[in-house]
Amino acid sequence: MGAPPVAEELLVAITSDVDVVSARQKGRELAAEAGFSSGDQTVIAAAISEIARNILMYAKRGEIALRIVMNGDLDGLIVVARDQGPGIPDVTRALQDGYSTSGGLGLGLPGARRLMDDFDVVSIPGKGTTVTMKKWRRRHAS
Amino acid sequence: MEVPILKQGLYLIASIQSALTDADLSALREALIERVGKYRARGVIVDVTALDVMDSFAVRTLRDIAHMARLRGAETVIVGIQPEVAFAMVQLGLTLKGVSTALDLEEGLAFLDRQGRERLDRVQGRGTRGGTTRG
Ligand SMILES: Nc1ncnc2c1ncn2[C@@H]1O[C@H](COP(=O)(O)OP(=O)(O)OP(=O)(O)O)[C@@H](O)[C@H]1O
Ligand SMILES: [Mg+2]
């Protein structure tokens, strides 16, 4: 795919639990602006909540970029979550239901993957983690 | 955002009014458990109608509230989970196993009343209402 035109970008710094709430609220607002159904808005907000909390829990700080893209007759909402934390040594394992190094449910990453259409994790131990996830909707001719 | 907790007879009703941070959720858990003892409550209702997202932390905290309240002698009912929130929870793989739920506040109160009657019947050695008995 070529580079789709960028319509809007929002950056949310994640440094405390208040930021987790504002990241998911901004995600919901942007999704609403882009015409996503309220069901999809909730799904996007839930996925952002999980990924933002992971940043806080494992990397202490990071940021979440939200952006709407257009691709043919599709509109997409793209969430990029970046941190410079410890990284994930085994991403495949971290994406399995129930895998947690913190005594959690181990559902954040695999759950967010199920909620979104595209999901990608790039992580370098000692350097950090970037989670990119996308939700698409078909643009209706008006 | 502090969650108001109302005392109604033997029940405590916590009505969440807006989005809650993790710290808010933890504070709600502490406040409810403390008040179950203080007011000798038999039932706890947590109304989550206003929550537009339930993620793993929220679900874990609600489960903790229900389990801790039960250890203190009170039954918990979660009411008002919105359809879209329920959908996202299922996709995430989050369950409220072992926690009672009801559609809304009214149903939640009816559930607690039923539980209370059954408990009384058991204590008094009678069968429960509605023709069912427990072994
Ligand atoms: N940003 C991150 N940086 C470093 N490690 C991470 C990051 N995100 C996730 N992980 C690792 O991946 C594991 C799985 O993450 P996931 O969100 O699925 O579960 P969890 O956070 O352990 O529990 P839950 O989210 O269900 O409460 C984590 O336990 C952690 O080891
Ligand atoms: Mg997590």
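This short talk covers a strand in chain B, the contact between chains A and B, and one arginine at that contact.

Good morning, colleagues. Please keep in mind throughout that this is a predicted model.

I begin with strand β3 of chain B, which spans residues 43-47. How many of its five residues are buried? The count is five of five, and the strand is accordingly described as mostly covered. In a regular strand the side chains alternate between the two faces of the sheet. In β3(B), one side carries Gly43(B), Ile45(B) and Asp47(B), while Val44(B) and Val46(B) are on the other. Both of these faces are covered.

Which strands pair with β3(B)? One partner is β2(B), residues 11-15, which runs parallel to β3(B) and is joined to it by five bridges. Another is β4(B), residues 75-79, also parallel to β3(B) and also joined by five bridges. Val44(B) illustrates the arrangement: Leu12(B) stands opposite this valine, and so does Thr76(B) of β4(B).

The connections between these strands pass through helices. Helix α1(B), residues 22-38, together with β2(B) and β3(B), forms a right-handed β-α-β unit. A right-handed β-α-β unit is likewise made by β3(B), helix α2(B), which covers residues 56-71, and β4(B).

I turn now to the interface. Here 20 residues of chain B are in contact with 22 residues of chain A. The area buried between the two chains is about 1,900 Å², with carbon and sulfur atoms giving 55% of it. Nine residue pairs are found in polar contact across this interface, and there are four salt bridges. On the chain B side, α1, α2 and α3, the last of these being residues 83-92, each supply at least two of the residues that touch chain A. The largest share comes from α3(B), with six residues.

Let me close with Arg53(A), which lies in helix α2 of chain A, residues 38-59. Is this arginine buried or exposed? Arg53(A) counts as buried because its relative accessibility is 6%, and the cut-off for buried is under 20%. Its side chain meets that of Asp22(B) in a salt bridge, with a distance of 2.4 Å from N to O. The side chains of Arg53(A) and Asp22(B) are also joined by a polar contact of 2.4 Å. Setting aside neighbours within four places in sequence, Arg53(A) is in contact with Val20(A) in its own chain, and with Asp22(B), Asp55(B), Ser56(B) and Phe57(B) across the interface.

Thank you for your attention.

Key. Residues numbered from 1 in each chain as written. Chains lettered and ligands numbered in written order. Predicted model: local features only at pLDDT ≥ 70, side-chain atom pairs only at ≥ 80, totals over all residues. Heavy atoms only, no water. Buried < 20%, exposed > 50% of the residue type's maximum accessible area, 1.4 Å probe, protein only. Helix = DSSP H or I, 4+ residues; strand = E, 2+ residues; numbered from the N terminus. Pairing = 2+ DSSP bridges. Right-handed = clockwise from strand over helix to strand, strands pointing away. Contact = heavy atoms within 4.5 Å. Buried area = accessible area lost by both parts, 1.4 Å probe. Polar contact = N/O pair within 3.5 Å; in protein donor to acceptor, adjacent residues only side chain to side chain.
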